[in-house]
Amino acid sequence: MDLWIGVEDRGDVREVRLEGRLAEVSIAELEKATLGLEPPIRIDLSQLISADTAGLEELRSRQEAGENLVGTRPLIRHLLDGLENSTVQPTNNRQSSSS
């Protein structure tokens, strides 16, 4: 098993702990484990070793939906930040000619 998912109700918040590697093949398992959880949801990433692009996109999507990512290791934070900054901005490469 590459990913272990633990869900605990802590009274005022639902905590989801991820341990191991979050890969595309694990996303359905994560979705199943969190289906129907009432907000607020906190996702503890302190034991997450790595994530592929699909896993990072899933975390980013959950964060944008209001879920709180905590305990994020520097590598995962760096990868999430890189994903956030990877949107391509249109540029105008035309040079104006002055005649």
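Helices here are DSSP runs of H or I with at least four residues, strands are E runs of at least two, and both are numbered from the N terminus.

1. **Status of the model.** This is a predicted model. The protein chain averages a pLDDT of 87. At least 70 is reached by 83% of the residues. Residues 88-99 are another matter: their pLDDT is below 50. Beyond near neighbours in sequence, that stretch has zero contacts in the model.

2. **Layout.** The protein chain holds three helices and four strands. Along the sequence they run β-β-α-β-α-β-α. Of contacts with a separation of 6 or more, 68% join residues 24 or more positions apart.

3. **Burial and surface.** The protein chain has 99 residues, and 31% of them count as buried. About 6,700 Å² is exposed. Carbon and sulfur atoms supply 47% of that area.

4. **Helix α1, inner side.** Helix α1 spans residues 27-34. Its buried residues are Ile27, Leu30 and Thr34. Seen down the axis of α1, they fall within an arc of 60°, so they line one face of the helix. What covers them? The cover includes two strands, β1 (3-9) and β2 (14-22), and the helix α2 (53-64).

5. **Helix α1, outer side and exit.** Ala28 and Lys32 are exposed. Both sit on the face of α1 turned away from its buried side. Just after α1 comes glycine 36, with a positive phi of about 85°.

6. **Nonpolar core.** The largest nonpolar core has 16 residues. Which members touch the most others? They are Val16, Leu18, Leu22, Ile43, Leu45, Leu48 and Leu59. Two or more residues come from each of β1, β2, β3 (41-51), α2 and α3 (74-84). Strand β3 gives the largest share, five residues.

7. **Valine 16 in detail.** This core member deserves a separate look. Leaving aside residues up to four places away in sequence, valine 16 touches Ile5, Gly6 and Val7. Its contacts also include Leu30, Thr34 and Leu37. The rest of the list is Ile41, Arg42, Ile43 and Asp44. Two of these partners, Leu30 and Thr34, are among the buried residues of α1. Ile43, another partner, is one of the core residues that touch the most other members.

8. **Reading the model.** The account of α1 rests on its buried set, Ile27, Leu30 and Thr34, and on the elements that cover it, among them β1, β2 and α2. For residues 88-99, keep the pLDDT below 50 in view.

Definitions and conventions
Residues are numbered from 1 along each chain as its sequence is written. This is a predicted model: local features need pLDDT of at least 70, side-chain atom pairs count only at pLDDT 80 or more; totals for chains, interfaces and linings use all residues. Side-chain values use heavy atoms; hydrogens and water are left out. Buried means under 20% relative accessible area, exposed over 50%, partly exposed in between (1.4 Å probe, protein chains only). The arc is that of the directions from the helix axis to the C-beta atoms. Contact means heavy atoms within 4.5 Å. Accessible areas come from the Shrake-Rupley method with a 1.4 Å probe; for residues, only the protein chains shown count as cover. pLDDT is the predictor's confidence in each residue, from 0 to 100. A nonpolar core is a set of buried Ala, Val, Leu, Ile, Met, Phe, Trp, Tyr and Cys residues joined through side-chain atoms within 4.5 Å.
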